[in-house]
Amino acid sequence: MTRKPHVYGNWKLHNTLNASEELAEAIAEGTKNYAEKVNIGVAPVFTSLVNVRRILGEVSHIKLLGQNGYPKPNGAFTGEVSFSLLSDVGCDGVLVGHSERRHLFGETNKLVGEKVESALQTGLEVILCLGESLSEREEGRTWEVVEEQLESAMFHVPPVSREKLIIAYEPVWAIGTGKTATPQQAQEVHALIRGKIRESWLGDAADKVIILYGGSVNDKNAKDLFSQKDIDGALVGGASLKPESFISIIQAASESQQ
Ligand code: PGA
C-alpha cells in the first residue's frame with residue numbers, strides 16, 4: 001500500500017447510546033498505537049454522534065463520521081439531517097451513497113451527486129460508496145454500473161475539494177453476506193476507478209485518492225485485500241461492531257505499510 005491506509009467502521013443501525021459509548025471507548029483505547037500509520041474512523045447512528053464525539057475527545061485520532069445526510073442546510077424536510085448539522089455536532093466526514101441507501105431507500109445517482117456537493121461545501125470528508133449488484137456482475141456490467149455512479153458523483157466535486165473525497169468500492173453482493181470479493185476482483189475495479197479519476201482530473205491527483213474496499217471485510221481476509229496495489233483500506237460493517245476484530249483489521253492495515 002503506497003498511500004496512508006484508512007479503516008472506517010460503519011455501525012449501521014446498531015447500538016444504543018451506552019453500547020456506542022462503550023464501543024467508541026474500546027476502539028479509542030485499543031488503536032492508539034496505530035494512529036500514526038492508519039487513518040481510523042467510526043460512523044455511529046445519528047442519536048449517538050454527540051456522545052461518541054465526547055468520548056473520542058475534540059481532537060482525536062479517530063474520525064467521527066455520519067452515515068448519511070440531506071443536501072439542504074435546513075427547511076421543511078421532516079426526518080432529515082443536513083450535512084451542516086453533522087458538522088455542527090463534530091463530524092469530520094460522512095458516508096454518501098451507501099448501497100443500503102441506494103437499494104433500500106431509492107437514492108439515485110442524481111441525489112447522491114447532490115449529497116456529495118452539499119457535504120463537500122460543508123467541509124466534510126466524503127466517503128462515496130459505489131458498487132454493482134450480483135445480477136449486474138453476472139451480466140458483465142460491473143464497470144458500466146460503477147463508472148456511471150462514479151462519473152455522476154465526480155461531476156459535483158470541485159477541484160478545491162478533491163482531497164476530501166474518498167471512494168469506497170462495495171460490491172452489493174459482498175455486503176453483510178460473508179462473501180468477500182477476492183483481492184483480485186477488488187483490485188481490478190479499484191484500478192479502473194483510479195484510472196477513471198486520472199482521466200477526469202488530468203494529473204497525479206488520482207494517485208493520492210484513497211479507494212477503500214467494503215463488503216464482508218474481517219480480521220481473516222483484510223491482510224490479503226490490503227496487499228493489493230490500489231486497495232487503500234476498508235469500510236467495515238459487521239466486523240467493526242466488535243473491538244477485537246476492528247482493531248485486528250487496523251493492525252493489518254498498519255502492517256501493510258511496512
Ligand atoms: P459488511 O458491511 O462489512 O458488514 O459487509 C460493509 C458496509 O456496508 O459498509
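This is a guided tour of a predicted model, moving from its barrel to selected helices, residues and cores.

**The barrel**

Begin by selecting the strands. Eight of them close into a barrel, in the order β1-β2-β3-β4-β5-β6-β7-β8, and their pairing is parallel. On average, neighbouring strands of this sheet are turned by 25° against each other, direction ignored.

Next, select β6 (residues 165–169) together with β7 (residues 210–214). These two strands run parallel and are joined by four bridges. Which residue is the bridge partner of tyrosine 169 in β7? The partner is tyrosine 213.

**Two helices on the sheet**

Now add helix α5 (residues 109–121) to the view. Helix α5 packs on the sheet, where it touches β4 (93–96) and β5 (125–130). The direction of α5 makes about 165° with that of β5. Add helix α11 as well: this helix also packs on the sheet, touching β1, β2 and β8. The direction of α11 makes about 160° with that of β1.

**A closer view of α5**

Keep α5 selected. The helix has 13 residues and reaches 18 Å from its first C-alpha to its last, close to the 18 Å expected at 1.5 Å a residue. Colour its buried residues, which are Val112, Gly113, Lys115, Val116, Ser118, Ala119 and Leu120. In reading such a list, it helps to recall that an α-helix has 3.6 residues a turn, so residues three or four places apart point the same way. What covers the buried residues of α5? The cover includes α3, β4, α4 (99–104), β5 and α7 (142–154). Glycine 123 follows α5, and its phi is positive, near 95°.

**A closer view of α11**

Move to α11 (residues 243–255). Its 13 residues should span 18 Å at 1.5 Å a residue, and its end C-alpha atoms are indeed 18 Å apart. The buried residues of α11 are Ser245, Phe246, Ile247, Ile249, Ile250, Ala252, Ala253 and Ser254. Among the elements that cover them are β1 (6–10), α1 (17–30), β2 (39–43), α10 (222–226) and β8 (233–236).

**The nonpolar cores**

Hide the backbone and show the nonpolar side chains. The largest nonpolar core has 62 residues, and those with the most contacts inside it are Ile167, Ile193 and Phe226. Helix α11 gives the most to this core, with six residues. Apart from it lies another core, of eleven residues, among them Tyr8, Ala43, Ile127 and Ile166.

Select isoleucine 167 to see its surroundings. Leaving out residues up to four places away in sequence, this residue touches Leu128, Leu130, Leu150, Ile193, Ile197, Val209, Ile210, Ile211 and Leu212.

**Strand β4 and its neighbour β3**

Select β4 and look at its side chains. Gly93 and Leu95 point one way, Val94 and Val96 point the other way, and all are buried. Strands β3 and β4 run parallel and are joined by two bridges. Glycine 66 stands opposite valine 94 in β4.

**Glutamine 67**

Select glutamine 67, which is placed in the loop between β3 (62–66) and α3 (83–88). Is this residue buried or exposed? Glutamine 67 counts as buried because its relative accessibility is 19%, and the cut-off for buried is under 20%. A polar atom of its side chain lies 3.0 Å from the backbone oxygen of alanine 43. The backbone oxygen of proline 44 lies 3.3 Å from a polar atom of the glutamine 67 side chain. Neighbours within four places in sequence aside, the contacts of glutamine 67 are Asn10, Trp11, Lys12, Ala43, Pro44, Val45, Phe46, Val94 and Leu95.

**Asparagine 39**

Select asparagine 39 in strand β2. At 19% relative accessibility, asparagine 39 counts as buried. Its side chain is joined to that of lysine 4 by a polar contact of 3.0 Å. Not counting residues up to four places away in sequence, asparagine 39 touches Lys4, Pro5, His6, Val7, Tyr8 and Lys63.

**Serine 60**

Finish at serine 60, found in the loop between α2 (49–56) and β3. With 26% relative accessibility, serine 60 counts as partly exposed. Its side chain reaches the backbone nitrogen of isoleucine 62 at 2.8 Å. To relate this last stop to α5, select valine 112: serine 60 and valine 112 are 52 residues apart in sequence and 29 Å apart in space, C-alpha to C-alpha.

Key: Residues numbered from 1 in each chain as written. Predicted model: local features only at pLDDT ≥ 70, side-chain atom pairs only at ≥ 80, totals over all residues. Heavy atoms only, no water. Expected span 1.5 Å × (residues − 1). Buried < 20%, exposed > 50% of the residue type's maximum accessible area, 1.4 Å probe, protein only. Contact = heavy atoms within 4.5 Å. Core = buried A, V, L, I, M, F, W, Y, C linked by side-chain atoms within 4.5 Å. Polar contact = N/O pair within 3.5 Å; in protein donor to acceptor, adjacent residues only side chain to side chain. Pairing = 2+ DSSP bridges. Axes fitted to C-alpha atoms, helices over the stretch in contact; angles between N-to-C directions.
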